[in-house]
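Let's take a friendly walk through a protein fold together. Have a look at the picture below, and then we will go through its sheets strand by strand.

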Amino acid sequence: NTRFGFKSRGLGDVYKRQPFTYHGRANARERDRRLCEGHERLKRLRALHRPVSLKAALVQTTVWSSTLYGLEASLLPVTTVHKLRAAAARAIIGTSQVKSPWLALSCFNQRCQDPEFYLLSQCLRAHRRLHHHHPELGLSCWRRAAAQPPPTARQGIVGPAAVLSALLGRNGLSIEPCGRIRGPGLHQLTLPTCSPRDVNSFLQAVWQHRVGDEIRHRNGLGTVYAVDGPATARALSKLPAWKQAMVAPNVVGSFLSQGSKFKANLVDSPACLRCGVHDSKHHRLLECPHFNTVRRAHAHTLRQVQKSAPEWLHAAIMTVSPDQDVLVASLRSRQIPAYPSVLHTWRGAPVQDYRFYLDASAANPTEPCGRLAACAVVQDLSGPGTDPMTLLRQWHHHCVPCDSFCTISLAL
């Protein structure tokens with residue numbers, strides 16, 4: 001007989017009227033204690049001799065889960081998040097001064113390991129559960145959060161809804177009263193109807209764009225649109241541990257040529273140690289005669305890199321094409337034609353009478369900005385006495401499916 005009220009009120013307003021506040025000293029002490037424990041865990045992880053892919057997975061599964069879980073109602077300062085991000089990058093790669101912590105947290109594991117996006121994921125999941133169990137209350141809270149712009153001062157941010165609004169605004173995301181979140185690159189998320197997997201996919205896409213924005217100032221990476229971290233992690237996972245250790249500095253941009261070391265006053269000469277010419281990444285990978293024998297076996301790949309992926313000379317990362325957002329918007333605007341359900345034909349039929357066919361087709365497969373693929377699952381209801389090859393030949397000859405073929409599923 002429990003009654004629930006569906007009139008929303010800011011949780012921060014309730015706590016403000018109490019003798020203690022939501023961000024009271026006790027909560028701050030507990031938060032700071034857990035953050036210190038997180039830094040200690042990252043220091044111990046840095047001392048372990050493990051593959052970089054395993055270290056990246058441990059950051060997500062052990063460090064963030066024990067340090068940040070339950071802090072989704074606390075807005076961490078930007079400096080605190082930067083310190084956590086840098087400490088995690090040192091734990092994965094080592095103490096390199098020129099590495100990019102954004103790439104270190106993106107390219108060695110298929111799941112996002114950034115501390116800020118971990119907190120944002122927890123906030124969105126909590127609000128999604130509220131929408132799922134109490135739709136009216138969840139929508140009312142969401143509209144209240146969307147009506148107020150995110151505060152600029154951290155002292156004015158009190159309560160989970162205000163923290164979520166501030167986190168979204170800090171990462172370039174906008175919210176709408178209907179429960180939709182819009183991000184970069186035409187990406188959007190409808191929170192009341194989405195699944196936890198949709199939340200992860202949306203945040204992963206937003207994180208890829210965020211990493212691209214943060215590394216664009218680095219030498220040779222000015223044309224990077226977005227970083228495809230999961231694809232880079234899948235490629236690196238196929239290498240043995242010792243090769244991962246060799247490739248990892250090139251992935252995060254911490255490889256320094258003699259010319260770069262000379263500019264940083266780390267060496268006395270910018271000359272190449274093997275041929276005496278002014279050293280650079282371009283010279284080391286493409287021109288140094290000392291490596292001609294090794295380079296000759298990969299001449300075709302190096303030509304493709306210079307033509308289509310010149311950023312690989314500075315950071316060996318997979319990138320997202322700007323045309324991908326156009327394809328996503330195009331597919332989103334296309335409506336799959338409706339087809340009748342044939343589930344009633346399965347009732348009472350023996351299992352050996354089920355016959356299914358898969359039909360797939362692709363258009364412009366060689367054009368990155370114009371390729372499109374479609375597939376369909378078709379069930380044959382003609383019965384066990386009919387030759388399926390005869391029906392398929394009739395379909396191919398007349399370009400019209402037989403009456404006994406029913407569409408089960410369509411996908412673009």
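A good place to begin is an open sheet of 3 strands, arranged in the order β6-β7-β8 with antiparallel pairing. At its edges you will find β6, covering 356–363, and β8, covering 405–411, and each of these pairs on one side only. On average, neighbouring strands in this sheet are turned by 25° against each other, if direction is ignored. Please keep in mind that you are looking at a predicted model.

Now let's see how these strands are joined. β6 and β7 pair in the antiparallel sense, over 8 bridges. You can try to find one such pair of residues: Tyr 357 has Val 378 in β7 as its bridge partner. How well covered is β6? Hardly at all: among the 8 residues of β6, the count of buried residues is 0, where buried means under 20% relative accessible area.

Next, follow the sheet to its other side. Strand β7, residues 372–380, is joined to β8 by 6 bridges, and the two run antiparallel. Here, Ala 376 has Leu 410 in β8 as its bridge partner.

There is another sheet to visit. In this open sheet, 3 strands come in the order β1-β2-β3, and the pairing is antiparallel. β1 (174–175) and β3 (188–190) each have a single partner strand, so one side of each is left without a neighbour in the sheet. Looking closer at β1, you will see 2 bridges that join β1 to strand β2, residues 180–182, with the two strands running antiparallel. Ser 174 stands opposite Arg 182 in β2.

Note on methods
Residues numbered from 1 in each chain as written. Predicted model: local features only at pLDDT ≥ 70, side-chain atom pairs only at ≥ 80, totals over all residues. Heavy atoms only, no water. Pairing = 2+ DSSP bridges. Helix = DSSP H or I, 4+ residues; strand = E, 2+ residues; numbered from the N terminus. Axes fitted to C-alpha atoms, helices over the stretch in contact; angles between N-to-C directions. Buried < 20%, exposed > 50% of the residue type's maximum accessible area, 1.4 Å probe, protein only.
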